[in-house]
Amino acid sequence: MSPADGLARARRALLGCAVGDAFGETFFRRLDELVRPLIAQRVLQEGDWPVTDDSMLSLAVFEQLAERGDIDPDDLARRMQWHYQADPGRGYGGGMHDLFGRGAVGAGDAAALFGGTGSYGNGGAMRVAVAGAYFADDPAALVDQAARSARATHTHPEGVAGAVAFAAATGALVQGARGANVIAAARGPVEHGPVADGLEAAAALYPRGVSAGKAAATLGNGARVSAADTVPLCVYILATAGDAPFDEVLWRTVACLGDRDTTCAMVGAGLAAAGWSVTPAWIPRVEMPEPLRRALAPLVDEAAA
Ligand SMILES: [Mg+2]
């Protein structure tokens with residue numbers, strides 16, 4: 001496989017991320033009770049669907065891979081900061097406001113977050129499918145590069161583990177893995193800890209055919225915005241996608257509520273990387289800042305034609 005193949009997959013992942021992110025974000029309302037019937041009846045929200053941090057930080061990973069073919073955490077952090085400062089109002093977490101709001105982000109800044117523990121939030125995982133798609137042919141590079149991409153902002157071992165696991169799940173899906181093999185691929189490179197525990201719980205649910213919504217009760221749904229509360233559910237949803245189309249899998253994902261822009265961004269990215277067709281009617285609904293539109297132009301123009 002050539003780097004061009006990897007980049008084409010990464011671009012598809014970025015499109016799936018943007019559409020999932022924007023779709024999921026439209027279902028944030030003050031009370032989940034108001035949202036549930038809309039999701040049950042599959043009522044798409046009117047107006048533009050703006051993308052959030054998940055897409056903009058995935059774009060930073062994509063840009064770095066397009067330019068240099070690998071990830072440098074410091075360079076990636078600066079690139080993410082540039083997108084942050086262009087529009088800080090895209091739903092960034094508190095740690096990221098802290099990190100990117102300063103003058104110039106540098107080496108060691110991410111490690112100093114949260115009193116020196118580093119972040120174990122889901123931010124490393126939410127943007128990593130692009131790298132998983134790019135390095136799908138080389139599992140060792142995938143693990144290394146996924147960890148580097150996480151460390152730009154999330155240096156806690158669990159923040160890194162979540163990124164490695166989700167990149168591995170995406171890479172496996174790209175390579176044709178399905179079902180329990182997707183969960184096993186995510187678990188493989190991860191050390192013992194909460195993310196690994198969640199993936200083992202997902203593996204135990206799989207043979208029982210548990211729905212995504214029921215699985216979320218065990219695995220979490222990102223409501224705590226930690227990697228361990230987000231990655232196992234997203235891996236489970238990819239593993240149980242079967243032959244369902246992109247929009248159907250995204251409806252299942254958003255029905256789990258929780259951190260729904262992020263879970264939908266991650267699932268959308270994983271599916272699109274592996275060749276699922278991103279629902280054409282949804283693509284024009286997504287409001288994309290110019291740099292994102294530019295990166296996705298080949299795919300978005302194709303969908304519009
Ligand atoms: Mg977001």
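Me: In which helix is the place of Gln 145?
Reply: The model is predicted: local features need pLDDT of at least 70, side-chain atom pairs count only at pLDDT 80 or more, and totals for chains, interfaces and linings use all residues. Residues are numbered from 1 along each chain as its sequence is written. Helices (H or I, at least four residues) and strands (E, at least two) are DSSP runs, numbered from the N terminus. Gln 145 lies within residues 139-151, that is, in helix H9.

Me: Does Gln 145 count as buried or exposed?
Reply: A residue is buried if 20 or more other C-beta atoms, placed from the backbone, lie within 10 Å of its own, exposed if 12 or fewer do, and partly exposed in between. Since Gln 145 has 25 C-beta neighbours inside 10 Å, it counts as buried.

Me: Which residues does Gln 145 touch, not counting those up to four places away in sequence?
Reply: Contact requires that the C-beta atoms of two residues, placed from the backbone, lie within 7 Å. With residues up to four places away in sequence set aside, the partners of Gln 145 are Asp 70, Ile 71, Ala 131 and Phe 135.

Me: Where is Leu 257 found, and is it buried or exposed?
Reply: Leu 257 has a positive phi, near 55 degrees, and is a residue other than glycine. It is found in the loop between helix H15 (246-254) and helix H16 (260-273). Because it has 20 C-beta neighbours inside 10 Å, Leu 257 counts as buried.

Me: Which class of exposure does Phe 114 have?
Reply: Phe 114 lies in helix H6 (residues 113-116) and has a positive phi of about 55 degrees although it is not a glycine. Because 17 C-beta neighbours fall inside 10 Å, Phe 114 counts as partly exposed.

Me: Which helix gives the most residues to the largest nonpolar core?
Reply: A nonpolar core is a set of buried Ala, Val, Leu, Ile, Met, Phe, Trp, Tyr and Cys residues joined through C-beta atoms within 7 Å. The largest one has 109 residues, and Val 130, Ala 165, Phe 166 and Val 235 have the most contacts inside it. Twelve of its residues come from the helix that gives the most, residues 157-174, which is H10.

Me: With which residues is Ala 165 in contact, leaving aside its neighbours within four places in sequence?
Reply: Ala 165 is among the residues with the most contacts inside the largest nonpolar core. Beyond four places in sequence, its contacts are Ala 186, Val 190, Val 195, Leu 199, Val 231 and Val 235.

Me: Against which helices do the buried residues of H11 pack?
Reply: In helix H11 (residues 180-187), the buried residues are Val 182, Ile 183, Ala 185, Ala 186 and Arg 187. They pack against H10, helix H12 (194-205) and helix H14 (231-239).

Me: At which residue does H17 bend?
Reply: A straight helix of 15 residues would span 21 Å at 1.5 Å a residue, whereas H17 (residues 290-304) spans only 17 Å between its end C-alpha atoms. The bend at a residue is the angle between axes fitted to the seven residues ending there and the seven starting there. The bend of H17 is about 75 degrees, and a proline, Pro 298, follows within four residues of the bend site, Ala 297.

Me: Against which helices do the buried residues of H17 pack?
Reply: The buried residues in H17 are Leu 292, Ala 295, Leu 296 and Val 300. The buried residues of H17 pack against helix H1 (3-25) and helix H3 (53-68).

Conventions. Expected span 1.5 Å × (residues − 1).
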